[in-house]
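Thank you all for coming. I would like to go through one structure with you, taking a few individual places and then the whole.

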Amino acid sequence: MSVSQGTIKKQSEAKLSVSKEKNTGGVLLTTALMAGYSMIYMDKNMISTAIIPIAEQFHLTTSQTGLIMSLFFLGYSLMQIPGGWLADKIGYKKVLMLSLSLITIFSFAFGFAGSLLMFILIRFLAGIGHAGYPPSCSKGIAENFPKKRRTFVQSLILSTSGIGGILAFVIGARLIDLDWHYAYYALGTMFAISLLLVAFLVPNSHPTAKTKTEKKQVSFKSVISNRNVIILFVAMLLANVAFYGNMSWLPTFLKTKFTLSISTVGIILAVNAIGGTLASIFAGVLLTKYFAGKEKLLIMCCSVVSSLLFLGLVFSNSLALSIAFLYVLTFLLTTIFVGIFSWPHKILPEKVIGSSIGIVNTGGTLGGFIAPMAFGALISMAGGSFSIVFITLAIAVVICGIVILTVKAEK
């Protein structure tokens with residue numbers, strides 16, 4: 001009897017040890033992915049502030065600065081689907097490391113650039129580097145976490161949009177105030193550190209265990225033609241037209257309309273980024289606990305209110321009121337983004353998560369490509385007025401909510 005109890009005790013201790021090991025591995029994986037994602041978002045946010053002194057130094061128009069920001073997203077868009085496919089085929093860790101290596105190189109290179117052509121080329125190549133990171137992260141989540149936890153873990157990692165914003169608008173803005181070159185040397189260094197974290201803390205990819213319900217192979221063609229994937233692609237495009245259209249021109253808008261310094265704008269947007277971080281985590285809780293199966297309702301409500309807040313930014317002449325509108329708007333747009341981005345985890349097989357996220361996020365990066373360039377041209381045509389930009393954003397985000405209503409979720 002004592003031997004039997006001893007055996008049971010040893011088995012129990014072994015199971016507990018395995019459980020602790022898995023939890024530790026999950027924490028380390030999440031930490032490394034969040035570190036890399038924080039740098040990804042720092043880069044995306046910092047360019048909108050850096051472009052102000054760059055435009056002044058090189059006498060660039062809003063159309064030209066919009067082109068610099070947009071070409072980044074063109075490179076991003078072109079490589080999103082190949083990046084997701086590679087994550088499924090050769091393993092997410094290899095793609096993560098390749099992605100971070102490229103971004104590190106081109107972050108340093110941007111600091112040395114000295115002409116419009118070089119700015120455009122380097123940002124385009126940086127976009128190619130960025131493209132592999134989101135689908136590879138999602139693939140890593142799918143391989144290392146049970147399905148019921150994936151939405152929350154995905155939202156936790158996406159909360160780095162706020163962390164990246166804080167870094168961009170506090171550290172980045174201060175360095176840009178000194179010399180914008182220094183900001184990109186610092187960014188390249190932080191990307192290099194993120195690369196080391198992924199190399200040492202992220203486990204190697206492993207083949208997905210086959211289950212009786214997943215024996216049937218799912219082809220890439222069936223994913224790219226899947227109704228829900230196409231709908232989420234379009235919705236993400238519209239959501240990111242709103243998100244990146246707002247983010248790209250917000251520093252210039254605040255500086256111009258309210259005659260603020262870059263440092264002051266940086267403080268306002270840093271606080272806004274904190275709200276974005278909290279919004280992402282809160283969105284994960286909402287989608288997991290309170291709106292599971294009701295994603296359409298949540299996203300549609302956020303879309304309508306976001307549209308009204310964009311219009312509020314147009315007509316408000318109060319800095320305090322505009323900041324309040326901005327903070328609530330960021331919370332809602334982040335909820336929309338997390339809702340769309342995490343949905344494939346619920347409605348698609350694990351083995352094609354990398355490809356599906358790559359396709360959906362291509363819609364997002366195309367939105368990021370269209371918004372800065374198109375709105376830069378619109379601002380020039382309107383004689384420097386930002387009103388037409390925010391009215392267009394209000395329309396785009398409402399259409400996004402309507403498109404989401406056509407998703408056919410499994411019952």
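Let me begin with a question: is cysteine 137 buried or exposed? Please bear in mind, as we look, that this is a predicted model. Cysteine 137 has a relative accessible area of 0%, and because buried means under 20%, cysteine 137 is buried. Cysteine 400 also counts as buried, since its relative accessibility is 0%. As for disulfides, a search of the whole structure finds zero.

Let me turn to valine 95, which is found in helix 3, the helix that runs over residues 92-112. With a relative accessibility of 5%, valine 95 counts as buried, because the cut-off is under 20%. Which residues does valine 95 contact, once its neighbours within four places in sequence are left aside? They are Gly83, Leu86, Ala87, Ile90, Gly132 and Ser136. Of these partners, glycine 132 lies 37 residues from valine 95 along the chain, and yet the C-alpha atoms of the two are separated by 6.0 Å.

Next comes helix 7, residues 160-178, where we can check length against geometry. At 1.5 Å a residue, the 19 residues of helix 7 should span 27 Å, and because its end C-alpha atoms are 26 Å apart, the two values agree. Helix 7 nevertheless has a kink of about 35°, and that kink is centred on glycine 172. Glycine 172 is also one of the buried residues of helix 7, a list that includes Thr160, Ser161, Gly162, Gly164, Gly165, Leu167, Ala168, Phe169, Ala173 and Ile176.

Helix 7 comes back when we consider the empty space inside the model. The structure holds four cavities of 30 Å³ or more, and the largest of them has a volume of about 230 Å³. Of the 19 residues that line this largest cavity, those closest to its centre are Asn45, Phe243, Met247, Asn272 and Thr330. Which helices each supply at least two residues of that lining? They are helix 1, helix 7, helix 10, helix 11 and helix 13, and it is helix 10, with five residues, that gives the largest share.

Finally, the whole chain. The protein has 16 helices and zero strands, and buried residues make up 55% of its 411 residues. If we take the contacts between residues at least 6 apart in sequence, 86% of them join residues at least 24 apart, and the pair of valine 95 and glycine 132, 37 residues apart along the chain, gives us a separation of that kind to look at.

Note on methods. Residues are numbered from 1 along each chain as its sequence is written. This is a predicted model: local features need pLDDT of at least 70, side-chain atom pairs count only at pLDDT 80 or more; totals for chains, interfaces and linings use all residues. Side-chain values use heavy atoms; hydrogens and water are left out. A disulfide is a pair of cysteine sulfur atoms within 2.5 Å. Buried means under 20% relative accessible area, exposed over 50%, partly exposed in between (1.4 Å probe, protein chains only). Helices (H or I, at least four residues) and strands (E, at least two) are DSSP runs, numbered from the N terminus. The expected span of a helix is 1.5 Å times one less than its number of residues. The bend at a residue is the angle between axes fitted to the seven residues ending there and the seven starting there. Contact means heavy atoms within 4.5 Å. On a 1 Å grid over the protein atoms alone, a cavity is a set of points where a 1.4 Å probe fits but cannot get out, and a pocket is an open set with protein on both sides within 12 Å along at least five of seven lines; lining residues have an atom within 4 Å of a point. Grid points are joined across faces, edges and corners, and a volume is the space filled by probe spheres set on the points.
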